[in-house]
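User: Can you walk me through this model? I'd like cavities, helix packing and odd backbone angles.

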Amino acid sequence: MGAWSLYSSSPSLCLPEAVGEKHSGLYSQNKLVPSASLAGKIQQFDKCRGHDWQERRRSIRQITHEVGLEISHGMRPPGNDLLPKNYDTLVSNMLLCADNGHFCQAQIIWDELVNSSFVPSFQVVSALISAYAKRGCFDQIAEILNQVRWRKFSWLPQVYSLAICCFGRGGKLDLMETGLREMVSMGFPVDSLTGNAYVIYYSMFGSLEDIEAAYDQLKRSRILIEEEGIRAVSFAYLKERKLYRLGEFLRDVGLGRRNVGNLLWNLLLLSYATNFKMKSLQGTFLEMVESGFRPDLTTFNIRALAFSKMSLFWDLHLSLEHMKHENVVPDLVTYGCVVDAYMDKRMGRNLDFAMKKMINLDDPPYLGTYPLVFEVLGKGDFHSSSEAFMEFSKHNRWTYRKLTRIYLKKQCRSNQVFWNY
């Protein structure tokens, strides 16, 4: 598909959870009341039970038919803004059926509503689409789009954006692609949220070639890829260990972008740390500092993890000194890098020398490193053991000093058990 010719920076309702939480009051109310016969038919509709759907369907058709007659004879102004509250009965029953998995019954009511003089609001349609999406009924969502696309409703762009996000979240990339094609062919703008969602869902469920094609299309449409999109694409490259292509992608996005913080630089450092390219890691870090970016906790921990695994003690100590100079407080990952580096080389007696550089030994542990780092480089033994200790004894007031002492005792006992055998 070519570039999206129309684009917009206006927000869009892309998340199904954000809409349709309450089904009452979905139509505006006024002081008009239905005729006596029509009110009686609505009450009769309410009394119909779930098993008698033929009778309920006849009641729906009678109600919608009489509303159309009242509008055509001037007894009721057209448009859903002036519909009385009694007609919420149809909508409430439809959404109740959809939420409870009775899609056949919900479809009956929807078909009658959409083919009558009713003009459903965006809240009604989005709530119905969200209910279908939660149950994985994506074909029904596509059918709703086919039914409303020729009605010229003012909320069509928002409904298409919502449907595209529902398709993508469900992994239905073909339906997502079709929905976006229809949206563009009808002249609707593709906003930033929809365009970025398109890239994110391809990153989650598509191949690397699909991801790159989606990103190229986003660029041609002059839509800027946002932080979540950058994370999703980068994780796809890291998962496949296509680290060179990841670096090309990050440089294409622009390492100088300020609105995403250190994200681009950290991801580039992570790509080098994964392959233990230490010269490139150090050179990129210096380039980052010279470009005016201030290293954060994730930046330091990516380097510390690489130094720890490579047993580069001098570089690890320099990194700790730099952290102290930048007033960056170490977290559980930082302590894990130091402890694991010393214990792997059986230098536990020298651990106090490194611990003196830590400024928060008596503080409660916390985790401030971006989780993607663990998914790529893994957790160290100290990190995993400390989480287990804290999970086992939640009421204990843990500090880094206590965790380190208990871990050293554990290692000492395991060594004694080993030598006894």
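Analyst: Here are the cavities, then one helix pair, then two loop residues. This is a predicted model, where local features need pLDDT of at least 70, side-chain atom pairs count only at pLDDT 80 or more, and totals for chains, interfaces and linings use all residues. Residues are numbered from 1 along each chain as its sequence is written, and side-chain values use heavy atoms, with hydrogens and water left out.

User: How many cavities of 30 Å³ or more are there?

Analyst: The count is 3. A cavity here is a set of points on a 1 Å grid over the protein atoms alone where a 1.4 Å probe fits but cannot get out. Volume is the space filled by probe spheres set on the points, which are joined across faces, edges and corners.

User: What lines the largest cavity?

Analyst: L305, V333, G336, C337, D340, F374, G378, K379, G380 and H383. Lining residues have an atom within 4 Å of a point. The space is about 50 Å³. Helix 17 (residues 332-344) gives the largest share of the lining, 4 residues. Helices are DSSP runs (H or I, at least four residues), numbered from the N terminus.

User: And by class, what is that lining?

Analyst: It has 4 nonpolar, 4 polar and 2 charged residues. Ala, Val, Leu, Ile, Met, Phe, Trp, Tyr, Cys and Pro count as nonpolar, Asp, Glu, Lys and Arg as charged, and the others, Gly among them, as polar.

User: What about the second largest cavity?

Analyst: About 40 Å³. Its lining is L320, M323, K324, V328, P330, K357, M358 and I359. By class that lining has 6 nonpolar, no polar and 2 charged residues.

User: Switching to packing. How do helix 13 and helix 15 sit?

Analyst: Helix 13 (residues 263-274) packs on helix 15 (residues 297-309) at about 5°, with axes 10 Å apart. That makes the two roughly parallel, a label for angles under 35 degrees. Axes are lines fitted to C-alpha atoms over the stretch in contact, and angles run from 0 to 180 degrees between N-to-C directions.

User: Which residues make the contact?

Analyst: N266, L269, L270 and A273 of helix 13 meet T298, T299, I302 and A306 of helix 15. Contact means heavy atoms within 4.5 Å. The classes are 5 nonpolar, 3 polar and no charged.

User: Now the backbone. What is phi at R222?

Analyst: About 60°, positive although R222 is not a glycine. R222 lies in the loop between helix 10 (208-220) and helix 11 (227-239).

User: Is R222 buried or exposed?

Analyst: Exposed, at 63% relative accessible area. Exposed means over 50% (1.4 Å probe, protein chains only).

User: And where is R346?

Analyst: In the loop between helix 17 and helix 18 (351-355). Phi of R346 is near 55°. R346 counts as exposed, at 68% relative accessibility.

Methods: 1 Å grid on protein atoms, 1.4 Å probe; cavity = no way out; pocket = protein on both sides within 12 Å on 5 of 7 lines; lining within 4 Å. Parallel < 35°, antiparallel > 145°, perpendicular 65-115°, else oblique. Buried < 20%, exposed > 50% of the residue type's maximum accessible area, 1.4 Å probe, protein only.
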